[in-house]
Amino acid sequence: MFKLPDLPYAYDALSPVLSELTMHTHHDKHHAKYVDTLNQALADSGAKPSSLEDVVREAVAKGDKKLINNGGQAWNHAFFWEAMSAEPGAPSGDLAAAIDKAFGGLDAFKAAFVKEGVGHFGSGWVWLLARGGELSITSTHDGETLLPDPSATPILLCDLWEHAYYLDHKNDREGFLKAWIAQLANWSFAEAQFAAATGSGEAYKFPAPLAKAA
Ligand code: MN3
């Protein structure tokens, strides 16, 4: 079975953009429920997967909605926690150069990321991703991941579900996204992901399942 990953910082570390209450609700209730439902579905089917990435890719291949949604949400939230930091820094080196090339500068990238998130109808996720050294922005619906696309490496990810921001920003998704990209995007994590996309080091993986059956 898969274990709910801990937050890589204190629950109040991302305040005021994301409050302690939001982080407790989002991680301890929403993310936990996706992991629980994923584990129950795997237990019911007798599956003994070696990675969550394999679970999601196989679920997509089979059209298994329950595993696509709950496995995808388990993965996306774990990546989302890593993609945030109380000390976000700024992109440098190869990643900064790739941002300039793709978007015409960091401010233009941030505006494009916010625009994609605001324009996404309903629940989902907004991504900065790399194909090799080439950056782009996309959004996915509900629990969809980028895992079925072997050419795509996620660099940054922000949650567009209302549960991610409603307690702190009410219906103001644009205000949330502007604050998020300015104050929480974890650029050292993004640089490590970009290095992996361009052939140096390993991209993020969800923690391997515990040996014991669910
Ligand atoms: Mn969420």
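This section describes the manganese site, two helix pairs and the strands around β1 in a predicted model.

The manganese ion is coordinated by three histidine NE2 atoms, from H26, H77 and H163, together with OD of D159, at 1.9 to 2.1 Å. Along the chain, these donors follow the spacing H-x50-H-x81-D-x3-H. Distant parts of the chain are linked by the pair H26 and H163, which lie 137 residues apart. H26 belongs to helix α1 (residues 20-45), and H163 to helix α6 (residues 162-169). Both of these histidines are buried.

Helix α1 packs against helix α3 (residues 65-82) at an angle of about 140 degrees, and the two axes are 9 Å apart. Because angles over 145 degrees count as roughly antiparallel, the pair falls short of that class and α1 is oblique to α3. The crossing of these two helices is left-handed. On the α1 side, the contact is made by M23, H26, H27, H31, Y34, V35, T37, L38, A41 and L42. The α3 side contributes K66, L67, N70, G71, Q73, A74, H77, A78, F80 and W81. Two of the manganese ligands, H26 and H77, are thus among the residues of this contact, H26 from α1 and H77 from α3.

A second helix pair consists of α4 (residues 93-103) and α5 (residues 106-119), whose axes come within 8 Å and cross at roughly 65 degrees. This angle makes α4 roughly perpendicular to α5, and α4 passes α5 in a left-handed crossing. In α4, the residues involved are I99, D100 and F103, which meet L106, A108 and F109 in α5.

Strand β1 (residues 124-131) is mostly covered, with seven of its eight residues buried. It is joined by eight bridges to strand β2 (residues 134-141), and the two strands run antiparallel. One of the bridge pairs is formed by G124 and H141, the latter in β2. The two strands form a hairpin with two residues between them. In the turn, G132 has a positive phi of about 60 degrees.

Strand β1 is also antiparallel to strand β3 (residues 153-159), to which six bridges join it. Here W125 has D159 of β3 as its bridge partner. D159 also donates OD to the manganese ion, and this residue therefore connects the pairing of β1 and β3 with the metal site. In a regular strand, side chains alternate between the two faces of the sheet.

Terms used
Residues numbered from 1 in each chain as written. Predicted model: local features only at pLDDT ≥ 70, side-chain atom pairs only at ≥ 80, totals over all residues. Heavy atoms only, no water. Buried < 20%, exposed > 50% of the residue type's maximum accessible area, 1.4 Å probe, protein only. Helix = DSSP H or I, 4+ residues; strand = E, 2+ residues; numbered from the N terminus. Pairing = 2+ DSSP bridges. Donors = N, O, S within 2.8 Å, 3.2 Å for Na, K, Ca; no water. Axes fitted to C-alpha atoms, helices over the stretch in contact; angles between N-to-C directions. Parallel < 35°, antiparallel > 145°, perpendicular 65-115°, else oblique. Left-handed = near helix turned anticlockwise from the far one by under 90°. Contact = heavy atoms within 4.5 Å.
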